[in-house]
Amino acid sequence: MAAEISLIVNGEPRRVAFGSSIADLVAGIGLDPKKVAVEHNGEIAPRSTLADVSLSEGDVLEIVHFVGGG
Amino acid sequence: MTDTVSDSWTVAGRTFRSRLIVGTGKYKDFEQNAAAVEASGAEIVTVAVRRVNVSDPKAPMLTDYIDPKKITYLPNTAGCFTADDAIRTLRLAREAGGWDLVKLEVLGEARTLYPDMRETLKATETLANEGFLPMVYCVDDPIAAKQLEEAGAVAVMPLGAPIGSGLGIQNKVTVRLIVEGAKVPVLVDAGVGTASEAAVAMELGCDGVLMNTAIAEARDPIRMARAMKLAVEAGRHAYLAGRMAQRRYADPSSPLAGLI
C-alpha cells in the first residue's frame, strides 16, 4: 500500500503520495504551473525548483494566482 | 501642438503612452472587464493576488482574457493591513508573474481603507531593498510623499478620496503640492468617480490616474472607460496648454471699439 502524507494546501487538508514534489502536487490539482506561484512553509518556492522539492508530512502550501483587483 | 503620441511618461525606466491605469475588480464578467480595458486604452492594469480555488482548477482565469504579454500587470497588495502581509503578497506576485513593478498599499482600517503610512513606509524600504519597484498608494500629504520617494518608491499615488467612494479629488491643494515636490511620477489613485474628476487630476499636473470602481460600477462600463480615456487626455492637454488666469469679474471677448 502506497504511503501518503498530509499537507495543508490553501488552508485545506490534502493527502499526496509519499515522495511527491511540489510540481506533482500542482499537476495533481490540475493547475498550470506557469500561471501560479507557490509558497512552501512560508518561503517562496521558485518555479524552476518545483520538481526538485519533496513534500514532507505537515507541510503548509499556498498556491496563488492573479485575480481582478483595483 | 503637443500630440498624444509624443506625450509619454516613464516610471522606473518603463515608458507608457496611456496615462490611465485601470483596475480589474468588480466587473460583471471577464468579457466586460477585457472590453473596458480595451476602451480605456490603458497599458497597465492592477491585479490582486489570491489563493487558487483548488477544488475548481479549470475555472477561467484573468490571464485568459487580459494577456499579460500585451498589458502590463501591476500586482497590488489590496487587503493587506501590515507591511509583512504586503511584502509576502508581492514576493508571490513576482514569482507568479516575473514582474518587479508593483503597487504597494498597506491599509489602516476597513471603514475608510485609508493607508497606514507607518507600515507603508516600512514596506517600501524593504521592497526597494529586495529589488522591487514599488508604486505606492499613500495619503495626500506632501511630506509623506517625499519620505516614500526617499525610501525607494518609483511613483507616489495619493488618494483623491477613499477607495471606491467616487467622491472626486477632495484636496486639490495637497495633490498639487505633491506634484510640485516629487521627482518621481505622481498618480491619483482612488476617489475619481466620473470623467471630469479624472481631468481635474491631470490638470493639477499628475502624471496619471488609477481607477477601478468609477469604470466598473458605471451603468455602461465600456462607455465610461472611453470617457475616462478622453478625460485623462483632455486634462493632460489642458495642463500642458496652461490655463488662463481667473478674474473676479467679466472681461468681454468681443472688441469694444467700433460698437454701433
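Okay, let's start with one residue and its surroundings. Ala190(B) touches Tyr137(B), Leu159(B), Gly160(B), Ala161(B), Pro162(B), Ile163(B) and Leu210(B), once you skip anything up to four places away in sequence. Bear in mind that what we have here is a predicted model. Ala190(B) sits in the loop that runs between β9 (187-189) and α6 (195-203) of chain B, and with a relative accessible area of 10% it's buried.

So what made me pick that one? Have a look at the UniProt record. The entry is unreviewed, and its "binding site" annotation takes in Gly164(B), Ala190(B), Gly191(B), Asn212(B) and Thr213(B). Those residues span 50 residues in sequence, yet no two of their C-alpha atoms are more than 9.5 Å apart, so they gather at one spot. And which of them help line the largest pocket? Gly164(B), Ala190(B), Gly191(B), Asn212(B) and Thr213(B) are in that lining.

Let's stay with the pocket for a moment. The space in the largest pocket comes to about 400 Å³. There are 27 lining residues, and the closest to the centre are Gly70(A), Ile163(B), Gly164(B), Asn212(B) and Thr213(B). If you want to find it by secondary structure, the elements giving two or more residues to the lining are β4 (44-51), β10 and α7, in chain B. By class, we get ten nonpolar, twelve polar and five charged residues in the lining.

Next up, Asn212(B), another of the annotated positions. Asn212(B) is in the loop between β10 (208-211) and α7 (213-216) of chain B, and is buried, at 11% relative accessible area. What does Asn212(B) touch, leaving aside neighbours within four places in sequence? From chain A there's Gly69(A) and Gly70(A), and from chain B there's Gly23(B), Thr24(B), Gly25(B) and Tyr27(B).

That brings us to Thr24(B), in the loop between β3 (20-22) and α1 (30-40) of chain B. Buried or exposed, for Thr24(B)? Buried, at 4% relative accessibility. A polar atom of the Thr24(B) side chain lies 2.8 Å from the backbone oxygen of Thr46(B). Beyond its sequence neighbours within four places, Thr24(B) also has contacts in chain A, namely Val67(A), Gly68(A) and Gly69(A). On the chain B side, its partners include Asn33(B), Val45(B), Val47(B), Leu62(B), Ile66(B) and, closing the loop on what I just said, Asn212(B).

Okay, the other annotation. Where does the unreviewed UniProt entry put the "active site" feature? At Lys103(B). Lys103(B) is in strand β6, residues 101-104 of chain B, and it's buried, with a relative accessible area of 2%. Setting aside neighbours within four places in sequence, Lys103(B) is in contact with Gly70(A) from the other chain, and with a set from chain B that includes Thr46(B), Asn76(B), Thr77(B), Met135(B), Tyr137(B), Asp189(B) and Leu210(B). You've met some of those names already: Tyr137(B) and Leu210(B) also touch Ala190(B), and Gly70(A) came up with Asn212(B).

Last one, over in chain A. Glu39(A) is part of strand β3, residues 37-40, and counts as buried at 4% relative accessibility. Its side chain makes a polar contact across to the side chain of Arg88(B), at 2.5 Å. Among the other residues Glu39(A) touches, outside four places in sequence, are Ile44(A), Ala45(A), Val60(A), Leu61(A) and Glu62(A), plus Leu92(B).

That's my tour, thanks.

Key
Residues are numbered from 1 along each chain as its sequence is written. Chains are lettered from A and ligands numbered from 1 in the order in which they are written. This is a predicted model: local features need pLDDT of at least 70, side-chain atom pairs count only at pLDDT 80 or more; totals for chains, interfaces and linings use all residues. Side-chain values use heavy atoms; hydrogens and water are left out. UniProt positions are given in the numbering used here, feature names are shortened, and annotations may be inferred rather than shown by experiment. On a 1 Å grid over the protein atoms alone, a cavity is a set of points where a 1.4 Å probe fits but cannot get out, and a pocket is an open set with protein on both sides within 12 Å along at least five of seven lines; lining residues have an atom within 4 Å of a point. Helices (H or I, at least four residues) and strands (E, at least two) are DSSP runs, numbered from the N terminus. Buried means under 20% relative accessible area, exposed over 50%, partly exposed in between (1.4 Å probe, protein chains only). Contact means heavy atoms within 4.5 Å. Grid points are joined across faces, edges and corners, and a volume is the space filled by probe spheres set on the points. Ala, Val, Leu, Ile, Met, Phe, Trp, Tyr, Cys and Pro count as nonpolar, Asp, Glu, Lys and Arg as charged, and the others, Gly among them, as polar. A polar contact is a pair of N or O atoms within 3.5 Å; within protein, one must be able to donate a hydrogen and the other to accept it, and residues adjacent in sequence count only if both atoms are side-chain atoms.
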